Amino acid sequence: MMDTTKIFLADTEIPRQWYNIQADMPVPLQPPLHPATGKPIGPEDLSRVFPMNLIEQEVSTERWIDIPEEVLEKLLTWRPTPLQRAYALEKYLGTPARIYFKNEALSPAGSHKPNTAVAQAYYNKAFGIKKLCTETGAGQWGSALSLGCSMFGLECKVFMVRVSYDQKPYRRLMMKTWGANCVPSPSQETTFGRKVLAEDPECPGSLGIAISEAIEEAVSSDNARYSLGSVLNHVLLHQTIIGLEAEKQLKMLGEYPDVVIGCVGGGSNFAGISFPYIRDKIHGKEVQVVAVEPTACPTITRGPFAYDFGDTAATTPLLPMFTLGHDFLPRPIHAGGLRYHGVAPLVSQLVVSKLIEPRAYNQLQTYEAGIIFARTEGIISAPETNHAIAAVIEEARKAKEDGEPRTILFNLSGHGLLDLTGYESYLEGQLIDYALPEEDIKKAVKILEDYPKPVTT
Ligand SMILES: Cc1ncc(COP(=O)(O)O)c(C=O)c1O
């Protein structure tokens, strides 16, 4: 018989507070700036876009924030998620490392995204909001928010990038099944969408256009607000339940990780698994924390730390973050959720403070890792998650070379059952790597030259 393969927590053991790393940062977060004045924005500046209870969370420096009972009740539908030991992967690699993962693929939408979708739907409902608007690329976030809204009886409108809407019908159908109104973007439903379509009726859409449409629709009604699935402080906060559960589960085994690994798009699932451990690191504990991104969109490994807009249409405040410039268009890699020009200000500041080690992998290497994982552990992971798995495999092989029984923890942020076209391309030998030429980076970040600069210590 093997040792324990899965560690479960009872419903009563679910964490009852989120962890806010803003209370422990060695260098505090620098404020978002108003693009017109260059001055820090205040809560009121955001009040047409987000409800005030979430804005308060966004700026809070309280270390622990209570999870409302109503949110816990919904999270308990699938949480606590199991912590699993990847015995078959360890055996395949012949590594002395012990590999553990949090299985966030078990949420109803198939990823970590519902952890914040449920919380955001609750806070909007509590604030008297009737409808949430958002954008989605391949549909992970749109489907998660549709689920959250259906749980709290809110209307949900999702602007889905046209090319994905046409090519990936299944997440769109999940959204409709949960009662959301999902439309292809650009659409005829907003001034901005009509303008884009008038110029190019065949426009395939982009996240930037979809964000602009979602914000326009949200601010056009007093009862509606906009919702974002990553990047912002409150979104990262809601995801910390992942790492807090993992902490309890590893303790039950008498384990503490040597390495914590997550993939990074906007930064939310990575923050979720790692922030409780970064708190320990700030307080002197030795733990390596690795953030993994694609070489095709190397924001934290090669971008500058700068003030930039969060969206392509330049409608948000200026945020201090690693960025490739807000009009940078990443190549069409299959990990759609990692194709974002920036990364969360909280993650960025912690990289600057050298508490996080950024790493980039190319597409082929990540699919190779995904295939190894599927053929050992049986789980077909999301293309985004495969970036984390590539790093896990590298660390496990290093442990083998060094003859060290290291403990590796990673976040399995989602399954890839609705993303099989990427696997198909890989298996048929059609997948290609994209490494970004230095020239392209220089060109893309030129736009940042005249913006205010954050302090880089
Ligand atoms: C499965 C999965 N993992 C990771 C990500 C990256 O997002 P984030 O960095 O906010 O966790 C996404 C985004 O859509 C996703 O769907």
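The exercises below, each with a worked solution, concern a predicted model.

**Exercise 1.** Find which residues are closest to the ligand and which elements give two or more residues to the shell around it.

Solution. Start with the count: 19 residues surround the ligand, and the closest are S230, G265, S268, G337 and G414. Next, look for elements that give two or more residues to this shell; they are α5 (140-152) and α11 (268-282). Of the elements, α11 gives the most, with three residues. Finally, sort the shell by class: six residues are nonpolar, 12 are polar and one is charged.

**Exercise 2.** Decide whether helix α4 is largely enclosed or not, and describe its span.

Solution. Take the span first. Helix α4 covers residues 114-126, and its 13 residues reach 18 Å from the first C-alpha to the last, close to the 18 Å expected at 1.5 Å a residue. Then check burial, for which a residue needs 20 or more other C-beta atoms within 10 Å of its own. Among the residues of α4 that are buried are P114, V118, Y122 and N124. Because 11 of the 13 residues are buried, α4 is largely enclosed by the rest of the structure. After the helix comes G128, with a positive phi near 90°.

**Exercise 3.** Give the strand order of the seven-stranded open sheet and identify its edges.

Solution. The order is β1-β4-β5-β15-β10-β11-β14, with mixed pairing. The edge strands, β1 (6-7) and β14 (357-361), each pair on one side only. At the β1 edge, the partner is β4 (residues 83-85), joined in the antiparallel sense over two bridges. One bridge partner is Q84 in β4, opposite K6. Lastly, helix α15 (residues 385-402) lies across β5, β10, β11, β14 and β15, running at about 150° to β10.

Notes. Residues numbered from 1 in each chain as written. Predicted model: local features only at pLDDT ≥ 70, side-chain atom pairs only at ≥ 80, totals over all residues. Near = placed C-beta within 6 Å. Helix = DSSP H or I, 4+ residues; strand = E, 2+ residues; numbered from the N terminus. Nonpolar A, V, L, I, M, F, W, Y, C, P; charged D, E, K, R; others polar. Expected span 1.5 Å × (residues − 1). Buried ≥ 20, exposed ≤ 12 C-beta atoms within 10 Å, placed from the backbone. Pairing = 2+ DSSP bridges. Contact = placed C-beta atoms within 7 Å. Axes fitted to C-alpha atoms, helices over the stretch in contact; angles between N-to-C directions.
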